[in-house]
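Biologist: I'm new to this, so please pick one sheet and give me a close look at it. Then zoom out to what else is worth seeing.

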Number of protein chains: 2
Amino acid sequence: MEKMALIVQKYGGTSVANLERIKEVARRAAKTFDRGNDIVVVLSAMAGETDRFIELANRISHSVNKRELDVLLATGEQSTVALLAMTLESIGYPSASLLGHQVKIHTDSFFGSARIADIDSDNIKKLLGQKKIVIIAGFQGCDQHQNITTLGRGGSDTSAVAVAAAIKADKCEIYTDVEGVFTADPNICSKARKLKEISYEEMLEMASIGAKVLQTRSVEFAKKYNVALHVRSSFNDKEGTVVLEENLITEKMVVAGITSSKNEALITFKKVPDTPGIAAKIFKPIAEANIIVDMIVQNSLKDQQTDISFTVPISDFKKAFELSEKVVKKIASQEVVGDKNIARVSVTGVGMKSHSGIASTMFSALAQENINIIIVSTSEIRISCLIEAKYAELAVRTLHTAFNLDNDKSNVSLYYGGKKTAPKITAKS
Amino acid sequence: MEKMALIVQKYGGTSVANLERIKEVARRAAKTFDRGNDIVVVLSAMAGETDRFIELANRISHSVNKRELDVLLATGEQSTVALLAMTLESIGYPSASLLGHQVKIHTDSFFGSARIADIDSDNIKKLLGQKKIVIIAGFQGCDQHQNITTLGRGGSDTSAVAVAAAIKADKCEIYTDVEGVFTADPNICSKARKLKEISYEEMLEMASIGAKVLQTRSVEFAKKYNVALHVRSSFNDKEGTVVLEENLITEKMVVAGITSSKNEALITFKKVPDTPGIAAKIFKPIAEANIIVDMIVQNSLKDQQTDISFTVPISDFKKAFELSEKVVKKIASQEVVGDKNIARVSVTGVGMKSHSGIASTMFSALAQENINIIIVSTSEIRISCLIEAKYAELAVRTLHTAFNLDNDKSNVSLYYGGKKTAPKITAKS
């Protein structure tokens with residue numbers, strides 16, 4: 001017999017989109033329970049509900065009171081946990097729902113993007129001790145004044161991981177509408193393959209740059225508390241992807257995946273005189289407006305003048321551009337131009353730590369397709385290139401092929417200290 | 001300048017049915033606030049929401065877990081309080097919503113029909129002290145284990161009255177879709193008139209027998225804590241009806257109103273032998289099933305046999321009839337028959353305490369229209385007659401005329417110890 005375990009299962013919005021889907025979730029939870037496991041289910045709101053609430057709030061005002069918006073948003077998960085508990089009870093499985101303030105999931109008071117401070121595991125454990133399936137409303141918590149808070153988009157993932165950490169769960173299963181983490185977005189790249197395992201670090205890089213599988217903060221949480229995340233589909237029984245510590249990965253890959261995102265915009269100051277303090281004058285007002293500048297490049301000097309380009313989140317573009325326009329004259333730049341038609345394409349893999357040649361393979365492959373690179377940025381395990389938006393999909397497919405991800409396992413290696421040697425990676429050019 | 005007061009305003013489902021109606025509520029609350037009053041608003045869920053949730057639950061099971069149903073139902077008021085708070089904030093009025101567990105409104109643990117044990121007024125007072133409009137979710141509370149509870153149909157009225165009592169409000173205004181309490185249902189009796197004042201006792205009798213203006217429990221609460229209730233429409237600015245202590249009523253009426261209800265069914269045991277202990281055998285199983293028997297009549301004896309009839313709530317009829325069928329043979333009754341086509345028509349008024357002739361006027365008026373009286377029951381301030389359902393509306397109109405309620409003020413008197421003499425009431429017959 002399988003060893004009894006303590007399992008957290010999180011189901012996203014499409015998995016609880018209607019009563020039929022909720023019945024399916026109940027069936028899956030009941031099956032897990034029947035195998036002798038203790039089980040805690042964390043739920044999102046029904047797909048579309050949160051958007052519906054935000055639209056409703058927008059009809060009142062475009063800047064509604066954030067505390068009150070959270071009170072409204074929190075009803076989404078409150079509904080789904082109640083409906084799942086009723087469904088489980090109706091098929092004979094004792095269960096109990098817990099809202100954020102009932103658990104309690106303590107957060108700070110940043111309404112709409114609150115961070116979990118700690119989770120009281122007593123109520124959960126008490127109910128588990130009564131052999132109940134515990135159903136927790138994701139996405140929500142409460143601050144020290146008993147105000148309802150929400151955790152921001154995808155916050156239910158974080159709720160699940162935080163609960164798993166608090167009750168020291170054996171695993172945390174994240175059920176969603178995709179089958180796992182892929183080497184690329186299957187909608188863009190038909191040859192994308194599902195990864196059996198991926199490290200927290202890789203997942204973090206990929207989550208923050210366009211792989212929409214998990215909320216970044218949930219992965220940070222999982223990494224910090226060492227919670228093994230199992231990402232899988234609630235629409236079938238296929239094995240998904242396990243996100244875990246790098247040194248626990250059995251089949252290591254040099255490059256885990258290719259991602260692209262179109263969430264940034266480019267701002268360029270043309271013909272800026274090359275005098276000290278210019279950069280500060282450009283970036284200080286933007287920083288003061290809490291806008292995060294990511295990639296920055298300064299073109300090579302010509303006639304004591306240079307072009308300075310940088311990216312900002314597309315949602316902050318308007319504000320950042322307005323601020324930039326105010327700076328143009330002060331720094332005697334010729335003009336400032338904005339460009340929203342850009343994409344960031346990235347290659348991620350812990351193998352980069354020990355493998356060289358990744359960047360040159362990337363640049364060559366893109367060059368081969370005549371894709372111009374506007375800016376490059378790198379982290380220890382990621383290389384990103386800013387390109388024209390229209391080339392984004394082509395770039396993903398090109399790089400997927402260039403890094404030998406098209407064929408199952410060809411990219412797999414024990415890349416450091418292992419007995420196998422790393423695969424030879426060469427650009428097609 | 002008007003004296004500053006502490007006012008509780010409660011708005012029902014039709015008053016918050018959509019964003020436009022909520023805006024209207026905000027406007028009214030803001031106006032009251034602008035006059036220098038401290039104001040607490042108690043809201044119901046949007047009209048139809050509670051029914052929608054119950055239907056959803058019914059699709060899961062016809063006997064869903066009651067704790068979880070309350071978690072679902074409570075989202076209705078959670079949404080409206082958040083939306084009203086956002087609306088008030090958007091027009092410049094600082095406000096804050098409080099849910100049942102945030103107030104805290106402590107109740108027992110009878111999910112679906114919980115009773116308020118006490119209300120902590122600290123959080124309300126703190127927010128009022130910050131010059132905020134406080135918006136409280138009606139209908140909901142929490143038990144000692146932090147479970148969410150709901151108070152049953154119309155529970156928001158009770159929430160409002162209980163809050164008013166807890167914070168010692170100067171008045172409690174109940175805004176609804178009717179303009180006040182009428183001498184009869186205007187949909188049945190075109191000559192029905194709005195009452196300016198009515199006593200708690202009269203309102204209680206009328207609420208429990210078919211005047212759907214206020215939840216019975218809310219009136220009991222108001223009477224107990226001496227909270228003056230002002231029932232008025234949220235659709236216009238007309239004066240409504242004040243429910244208050246009998247001795248504070250300025251214009252006293254012998255009969256305050258005529259009501260009818262079709263919420264009962266009749267069960268009759270035919271030809272029951274007149275032996276001791278028969279009644280116990282009939283009513284014991286029904287009482288054990290927690291079914292409330294209201295009116296009972298035993299026909300005059302004939303050949304040592306009698307007919308015994310009684311009424312039960314129509315929702316309990318099926319069960320009560322099944323239990324009765326089991327008793328028939330045991331008591332050697334000829335048969336038991338059920339009848340759902342009955343109505344109760346009632347005449348209510350504190351004036352009955354000091355005026356005689358009310359019953360005879362009632363019986364004569366009904367006889368005049370050939371309406372047969374099946375059973376009669378009375379309380380100190382009410383006389384009810386059970387009649388065939390098809391005559392209900394005619395009976396209401398007939399009695400409205402018989403007790404001189406058709407003409408404004410003609411029924412008004414100071415009926416005890418006053419200088420005026422009581423109006424002469426005579427049946428038409």
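Modeller: Here's a walk through one sheet of chain A, followed by some other places in the model.

Quick housekeeping: this is a predicted model, so local features need pLDDT of at least 70 and side-chain atom pairs count only at pLDDT 80 or more, while totals for chains, interfaces and linings use all residues. Residues are numbered from 1 along each chain as its sequence is written, and chains are lettered from A and ligands numbered from 1 in the order in which they are written.

Now the sheet. It's an open one made of 4 strands of chain A, in the order S15-S16-S14-S17, with antiparallel pairing. (Strands are DSSP runs of E with at least two residues, helices are runs of H or I with at least four, and both are numbered from the N terminus; two strands pair if DSSP finds at least two bridges between them.) In general, strands of a sheet pair through backbone hydrogen bonds. Strands S15 (296-298) and S17 (335-339) of chain A are the edges: each has a single partner strand, so one side of each lacks a neighbour in the sheet. On average, neighbouring strands are turned by 15 degrees against each other, direction ignored. (Axes are lines fitted to C-alpha atoms, for helices over the stretch in contact, and angles run from 0 to 180 degrees between N-to-C directions.)

Start at the S15(A) edge. There, 3 bridges join S15(A) to S16(A) (residues 305-313), running antiparallel, and Ile296(A) stands opposite Phe310(A) in S16(A).

Helix H10 (residues 317-330) of chain A packs on this sheet, touching S14 (264-273), S16 and S17 of chain A. (Contact means that C-beta atoms, placed from the backbone, lie within 7 Å.) The direction of H10(A) makes about 170 degrees with that of S17(A).

Between H10 and S17 of chain A is a loop, and Ala332(A) is found in it. Most residues other than glycine have a negative phi. Ala332(A), though not a glycine, has a positive phi of about 60 degrees. Ala332(A) counts as exposed because it has 12 C-beta neighbours inside 10 Å. (The cut-offs: exposed is 12 or fewer other C-beta atoms within 10 Å, buried is 20 or more, and partly exposed is in between.)

A similar question comes up in chain B: where does Gln146(B) lie? Gln146(B) lies in the loop between strands S7 (140-142) and S8 (148-150) of chain B, and its phi is positive, about 70 degrees, although it is not a glycine. With 15 C-beta neighbours inside 10 Å, Gln146(B) counts as partly exposed.

Next, the peptide bonds. Most peptide bonds are trans. Yet a cis bond joins Val103(A) and Lys104(A), with omega about -10 degrees, and Lys104(A) lies in the loop between H4 (100-103) and S4 (105-107) of chain A. In chain B, the bond from Val103(B) to Lys104(B) is cis too, with omega near 0 degrees.

Finally, where the chains meet: the contact takes 26 residues from chain B and 26 residues from chain A. On the chain B side, H2 (49-60), H3 (66-90) and H4 (100-103) each supply at least two residues, and H3(B) gives the most, with 15.

How values were computed. Two residues are in contact if their C-beta atoms, placed from the backbone, lie within 7 Å.
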